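I opened this notebook to keep track of what I looked up, one entry at a time. The entries follow the order in which I turned to each part.

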Amino acid sequence: MCLNKISENKAFGGRQLRYVHHSRVLNCDMKFAVYLPPQANKNDKVPVLLWLSGLTCTDENFTQKAGAQRIAAELGIAIVAPDTSPRGDDVPNVADDYALGQGAGFYLNATQAPWNKHFHMYDYIVKELPELVKANLPVTDKWAISGHSMGGMGALSIAFKNPEMFTSVSAFSPVCHPTQCPWGVKAFATYLGSDSSASKQYDPVCLLNDAGNTLSDLPILIDQGSDDEFLDEQLMSNALIDAADEKSVPLEFRFQEGYDHSYFFIASFIEEHLRFHAKTLFAETMK
């Protein structure tokens with residue numbers, strides 16, 4: 001696959017890069033951002049944190065607002081941040097609803113027309129993008145995953161379905177139970193139709209209930225702001241906490257007093273999340 005560089009900026013001794021490529025999975029051109037720490041070069045590869053952003057975001061929101069590059073440079077971790085959906089003039093969209101269409105891919109494989117021509121974000125994140133990054137950039141096979149809001153949902157559901165792919169998973173303000181919240185119910189009905197079994201494949205609570213103790217070795221960290229305006233209606237944190245307790249899945253869930261849903265919240269705790277992932281990404285070399 002042809003990978004074309006859009007921009008490059010030096011940051012904390014490393015490089016903040018942005019690329020565009022044609023996606024076979026999504027049938028459109030896609031952009032993604034990568035931060036390569038100073039330790040990454042032709043002879044030395046580094047592990048990866050895969051970051052999934054939330055509704056309305058692009059590949060640039062996290063890289064410009066979270067302030068993750070400084071600590072990633074210290075730790076020697078690359079950060080890969082894809083866009084949140086397919087985009088383009090021929091890609092379906094809903095102009096008056098930010099929770100559907102472009103910017104709202106929900107990290108699933110759509111089965112309903114017209115969405116099923118392009119909206120295969122699950123396959124893009126799990127298969128195509130990692131293969132592309134590994135083939136073209138100095139990174140290893142050790143990957144962790146994290147995300148925010150819709151992207152937190154994506155990070156959890158993808159990690160729960162593919163625990164062998166990731167050394168750890170974390171999330172900020174994730175949509176925990178999308179089959180039961182307004183954002184998720186509407187999106188899943190639009191992209192997946194009325195098949196409840198299809199919707200459950202992308203719901204962290206449902207997946208955790210099904211996976212049970214198979215996730216006992218996957219470190220999980222979640223931060224949730226107590227003043228998040230979406231907490232009760234959309235995020236449904238307690239449903240995930242209860243499921244983890246019932247299935248005896250180790251889950252570090254932290255309610256952070258006074259924080260909201262914004263990138264100010266992410267920036268406040270991103271260092272702790274990167275250090276959390278470093279423990280598993282470098283586990284063998286740290287022994």
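**Entry 1: a serine in a loop**

In which loop does Ser173 lie? I looked this up in what is a predicted model, and I found Ser173 in the loop between S7 and helix H5 (182–192). I noted that Ser173 has a positive phi of about 45°, although it is not a glycine. Its relative accessibility is 0%, so I entered Ser173 as buried.

**Entry 2: a cysteine in the loop between S7 and H5**

I then turned to Cys181, which is found in the loop between S7 and H5. With a relative accessibility of 1%, Cys181 counts as buried. Setting aside neighbours within four places in sequence, I listed its contacts as Val175, Glu233, Gln234 and Met236. I also checked Asp232, which is 51 residues from Cys181 along the chain, and the C-alpha atoms of the two are separated by 9.4 Å.

**Entry 3: the strand S7 and a helix beside it**

Ser170 belongs to strand S7, which covers residues 166–172. Is Ser170 buried or exposed? Its relative accessibility is 0%, and Ser170 therefore counts as buried, the cut-off being under 20%. Not counting residues up to four places away in sequence, Ser170 touches Ile145, Ser146, Gly147, Ala155, Leu221, His273, Phe276 and His277. For a pair farther along the chain I took Gln201, which is 31 residues from Ser170 in sequence and 19 Å from Ser170 in space, C-alpha to C-alpha.

The name His277 in that list of contacts led me to helix H10 (residues 263–281), where His277 has its place. His277 is buried too, with a relative accessible area of 1%. Its contacts, again without residues up to four places away, are Leu49, Ala144, Ile145, Ser146, Ser168, Val169 and Ser170. I also looked up Ile77, which is 200 residues from His277 along the chain, and I noted that their C-alpha atoms are separated by 9.3 Å.

**Entry 4: the loop between S5 and H3**

Next I went to the loop between S5 and H3, where I found Tyr107. Phi of Tyr107 is near 55°, which is a positive value in a residue other than glycine. I entered Tyr107 as buried, since its relative accessible area is 0%. Pro114 is found in the loop between strand S5 (78–82) and H3 as well, and the peptide bond that joins Ala113 and Pro114 is cis, with omega at about 0°.

**Entry 5: the nonpolar cores**

Which residues of the largest nonpolar core touch the most other members? I found that they are Phe32, Phe106 and Tyr191, out of 74 residues in that core. Helix H3 (residues 121–136) supplies the largest share of this core, with 8 residues. A second, separate core has 27 residues, among them Ala11, Cys57, Ala72 and Phe269. I set beside this a general remark, that in soluble globular proteins nonpolar side chains tend to be buried together.

I followed Tyr191 further and, leaving aside neighbours within four places in sequence, listed what Tyr191 is in contact with: Leu100, Gly101, Ala104, Gly105, Phe106, Leu108, Ala110, Thr111, Gln112, Trp115 and Phe119.

**Entry 6: helix H7**

How many of the 8 residues of helix H7 (residues 204–211) are buried? I found 6 of them buried, so H7 is largely enclosed by the rest of the structure. The buried ones are Pro204, Val205, Cys206, Leu207, Leu208 and Ala211. These buried residues pack against helix H4 (150–161), helix H6 (196–200) and helix H9 (237–247).

**Entry 7: the chain as a whole**

Last, I stepped back to the whole chain, whose secondary structure comes to 11 helices and 9 strands. The radius of gyration is 18 Å, close to the 19 Å that the globule rule gives for 287 residues, so the chain is as compact as a globular protein of that length. Along its principal axes the C-alpha trace spans about 50 × 45 × 35 Å. Buried residues make up 59% of the 287 residues. Among contacts between residues at least 6 apart in sequence, 71% join residues at least 24 apart.

I noted an accessible surface of about 11,900 Å², of which 47% belongs to carbon and sulfur atoms. The chain has 23 positive and 35 negative charges, and their mean positions are 9 Å apart.

Methods
Residues are numbered from 1 along each chain as its sequence is written. This is a predicted model: local features need pLDDT of at least 70, side-chain atom pairs count only at pLDDT 80 or more; totals for chains, interfaces and linings use all residues. Side-chain values use heavy atoms; hydrogens and water are left out. Helices (H or I, at least four residues) and strands (E, at least two) are DSSP runs, numbered from the N terminus. The radius of gyration is taken over C-alpha atoms; the globule rule is 2.2 Å times the number of residues to the power 0.38. Buried means under 20% relative accessible area, exposed over 50%, partly exposed in between (1.4 Å probe, protein chains only). Contact means heavy atoms within 4.5 Å. Accessible areas come from the Shrake-Rupley method with a 1.4 Å probe; for residues, only the protein chains shown count as cover. Lys and Arg count as positive and Asp and Glu as negative; His and the chain ends are not counted. The place of a charge is taken as NZ of Lys, CZ of Arg, CG of Asp or CD of Glu. A nonpolar core is a set of buried Ala, Val, Leu, Ile, Met, Phe, Trp, Tyr and Cys residues joined through side-chain atoms within 4.5 Å.
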